[in-house]
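Notebook open, coffee poured. I want to jot down what I look up in this one, roughly in the order I get to it.

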Amino acid sequence: MTILIALIAIIFIILILPVGTLFEYSQDGVLLVVNLGPFKMQVIPEKEKKNKKEKKKKKEKKKKAEEKLEEIKKGGSFELFRRMSGEISDTFSAFKRKLKIDVLILHYVSASESAYNAAMNFGYAWAGIGMIIPVLENNFNIKERSLTADVSFTETEPTVYVKAKLKMT
């Protein structure tokens, strides 16, 4: 009987704990971190196990480097993101109005070998952003958002950077 009560108590505590995720897509690839209350688990890519001494040294360096990386981080391939977007939208549609989006950052850089194509794609990107903002705000609770597009005449491939912090409500 006590085992049953303990099991019900554990399930109840898990249901109360806030569940959140951090999704980031950049030139480094996909990063997915799942938060369950105070616990964090990096799902994609898998973390490598390291010694405790190495962890302390890297934490100090990482804090300094994170501030610089936030400003410098570039986006990943737009084609790969476009292929993943179907799966992402299917997942989000199941959680309509149950997700709270704390941070949503989307930065698209239009680029092409032709300056004309880069400029046209830049215009299409802004039109797409203008259409997607009302849809996102209608279906999700968004606290902070930054959806932007830029054009680069020096690069040849378009890139996209996406960062989203989500919580279940």
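My entries below go from the overall fold to the core, then a helix, then the surface.

**Entry 1, the overall picture.** I note up front that this is a predicted model. I count 4 helices and 7 strands in the chain. Reading along the sequence, I get α-β-β-β-α-β-α-β-α-β-β. How much of the chain is buried? I find that buried residues are 22% of its 169 residues. I also checked contacts between residues at least 6 apart in sequence, and 72% of them join residues at least 24 apart. For the accessible surface I have about 12,800 Å², with 61% of that belonging to carbon and sulfur atoms.

**Entry 2, the core.** Which residues touch the most other members of the largest nonpolar core? I get L104 and L147, in a core of 17 residues. Two or more core residues each come from β1 (19–26), β5 (99–111), α4 (115–139), β6 (141–152) and β7 (159–168). I then listed what L104 contacts, skipping neighbours within four places in sequence: L136, I142, E144, R145, S146, L147, K163 and A164. A general reminder to myself: in soluble globular proteins, nonpolar side chains tend to be buried together.

**Entry 3, helix α4.** I looked at α4 next, since it came up in the core list. It has 25 residues and runs 36 Å from first C-alpha to last, close to the 36 Å expected at 1.5 Å a residue. Its buried residues are A118, A125, I129, I133, L136 and N139. What do they pack against? I see β5 and β6. Worth remembering here: an α-helix has 3.6 residues a turn, so residues three or four places apart point the same way.

**Entry 4, N121.** I stayed in α4 for N121. Is N121 buried, exposed or in between? I have it as partly exposed because its relative accessible area is 29%, which falls between the 20% and 50% cut-offs. Apart from neighbours within four places in sequence, N121 contacts Y108 and S110. I also took the C-alpha separation between N121 and P158: 9.2 Å, for residues 37 apart along the chain.

**Entry 5, a surface patch.** Last, I went looking for nonpolar surface and found a patch of about 460 Å² made by M1, L4, I5 and I8. I picked I5 for a closer look, and it sits in helix α1 (residues 2–16). Why do I call I5 exposed? Its relative accessibility is 52%, and the cut-off is over 50%.

Conventions
Residues are numbered from 1 along each chain as its sequence is written. This is a predicted model: local features need pLDDT of at least 70, side-chain atom pairs count only at pLDDT 80 or more; totals for chains, interfaces and linings use all residues. Side-chain values use heavy atoms; hydrogens and water are left out. A nonpolar core is a set of buried Ala, Val, Leu, Ile, Met, Phe, Trp, Tyr and Cys residues joined through side-chain atoms within 4.5 Å. Buried means under 20% relative accessible area, exposed over 50%, partly exposed in between (1.4 Å probe, protein chains only). Contact means heavy atoms within 4.5 Å. Accessible areas come from the Shrake-Rupley method with a 1.4 Å probe; for residues, only the protein chains shown count as cover. Patches are made of residues with over 30% relative accessible area and no salt bridge: like charges are joined within 9 Å, nonpolar side chains (Val, Leu, Ile, Met, Phe, Trp, Tyr) within 5 Å. A salt bridge is a side-chain nitrogen of Lys or Arg within 4 Å of a carboxyl oxygen of Asp or Glu. The expected span of a helix is 1.5 Å times one less than its number of residues.
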